[in-house]
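Biologist: I'd like to learn how to read a fold from its coordinates. Could you walk me through one?

Modeller: Sure, let's put it on the screen and take it feature by feature.

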Amino acid sequence: MISLRTFCSGLVLAALSLTANAHAHEYKAGDLFIHHPWTRATPPGSSNAGVFLLVKNNGDTADQLIGVETAAAATAELHQMKLDNGVMKMNAVTAVDIPAKADTELKPGGYHVMLFKLAAPLKEGDKFPLTLKFKRAGNVKVDIKVEAMGAKAETMHQH
Ligand SMILES: [Cu+2]
C-alpha cells in the first residue's frame with residue numbers, strides 16, 4: 001500500500017521545484033546559458049558584495065569569463081576564494097575558465113564576481129544590470145537579483 005506520507009512528500013517536492021522555476025532567470029549567448037545571477041542584500045556599513053551565477057556551456061568549445069562591468073559599483077572584479085591552510089583567502093583573477101560541455105558555478109566559497117564601493121546599498125528584492133564579458137560569446141547583459149542577507153558570506157567578503 002502507498003503510504004500517505006510518501007504521497008505528501010512527493011507533492012512538496014513538486015511544489016518546491018515549481019517555485020524554483022518561477023524564480024529562475026536565465027540568459028543565452030551562443031552555446032552558453034547563464035542561470036540565476038544573484039547577490040545578497042548588504043548589511044549596514046558594508047559597500048562590497050559578491051555576485052554568483054551558473055554558466056552552462058553546451059558547446060564543444062571552451063570559453064572564458066574575462067571581465068565584468070556594472071554601474072552599480074565603482075569596481076567589479078573576478079575573484080577566487082579558496083581554503084589555504086584552513087584560512088579562506090580571496091584574490092582577483094584575470095579569467096574564469098568555462099570548459100566545454102560542463103557547468104561552471106560562481107558561488108560562495110569559490111569563484112565569484114566582487115563588487116567594491118556599491119553606488120547604493122543592495123536591498124532584498126532589488127535587481128541591477130551587470131555585463132558579463134566572455135572571450136568567445138562576447139558581452140552578455142544580465143540582471144542580478146538581490147536575495148536575503150547572508151551573515152556567513154558577508155564575513156567572507158570583508159577585505
Ligand atoms: Cu571577493
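Biologist: Let's start with contacts. Among contacts between residues at least 6 apart in sequence, what percentage join residues at least 24 apart?

Modeller: Keep in mind that this is a predicted model. The figure is 68% of those contacts.

Biologist: And which elements make up the protein, going from the N terminus on?

Modeller: The order is α-β-β-β-β-β-β-β-β-β-β-β-α. That's two helices and eleven strands.

Biologist: Now burial. What share of the 159 residues is buried?

Modeller: Buried residues account for 26% of the protein. The general idea is that in soluble globular proteins nonpolar side chains tend to be buried together. Here, the largest nonpolar core has 28 residues, and the ones touching the most other members are Val-51, Val-113 and Leu-115.

Biologist: Which strands each supply at least two residues of this core?

Modeller: Those are E2, E3, E5, E7, E9, E10 and E11. The largest share, five residues, comes from E3.

Biologist: Let's zoom in on one member. What does Val-113 touch, leaving out residues up to four places away in sequence?

Modeller: Val-113 touches Gly-50, Val-51, Val-68, Ala-76, Leu-78 and Leu-106.

Biologist: How do I read strand pairing, then? How many bridges join E3 to E9, and how many join E5 to E9?

Modeller: Count the bridges and check the direction. E3 and E9 run antiparallel and are joined by three bridges; one example is Ala-49, whose bridge partner in E9 is Leu-115. E5 and E9 are antiparallel too, with seven bridges, and there Gln-80 stands opposite Tyr-111 of E9.

Biologist: While we're in E5, is Lys-82 buried or exposed?

Modeller: Lys-82, which sits in strand E5, counts as exposed because just 12 other C-beta atoms lie within 10 Å, and the cut-off for exposed is 12 or fewer. Along the chain Lys-82 and Gly-109 are 27 residues apart, but their C-alpha atoms are separated by 6.5 Å.

Biologist: How do I spot the two faces of a strand? Which side chains of E10 point to one face and are buried?

Modeller: Look for alternation along the strand. In E10, Phe-128, Leu-130, Leu-132 and Phe-134 point to one face and are buried, whereas Lys-127, Pro-129, Thr-131 and Lys-133 point to the other and are not buried.

Biologist: What does E10 pair with?

Modeller: Strand E4 (residues 63-69) is joined to E10 by four bridges and runs antiparallel to it, with Leu-65 opposite Phe-134. E11 is also antiparallel to E10, through eight bridges, and Lys-127 stands opposite Lys-145 there. E10 and E11 form a hairpin with three residues between them.

Biologist: Last one: backbone angles. Which residue in strand E2 has a positive phi although it is not a glycine?

Modeller: That's His-36, found in strand E2, with a phi of about 45°. His-36 is partly exposed because 17 other C-beta atoms lie within 10 Å, between the cut-offs of 12 and 20.

Biologist: And where is Lys-117, and what is its phi?

Modeller: Lys-117 belongs to strand E9, and its phi is near 55°, again a positive value in a residue other than glycine. Lys-117 counts as exposed because it has 11 C-beta neighbours inside 10 Å.

Technical notes: Residues are numbered from 1 along each chain as its sequence is written. This is a predicted model: local features need pLDDT of at least 70, side-chain atom pairs count only at pLDDT 80 or more; totals for chains, interfaces and linings use all residues. A nonpolar core is a set of buried Ala, Val, Leu, Ile, Met, Phe, Trp, Tyr and Cys residues joined through C-beta atoms within 7 Å. Two residues are in contact if their C-beta atoms, placed from the backbone, lie within 7 Å. Two strands pair if DSSP finds at least two bridges between them.
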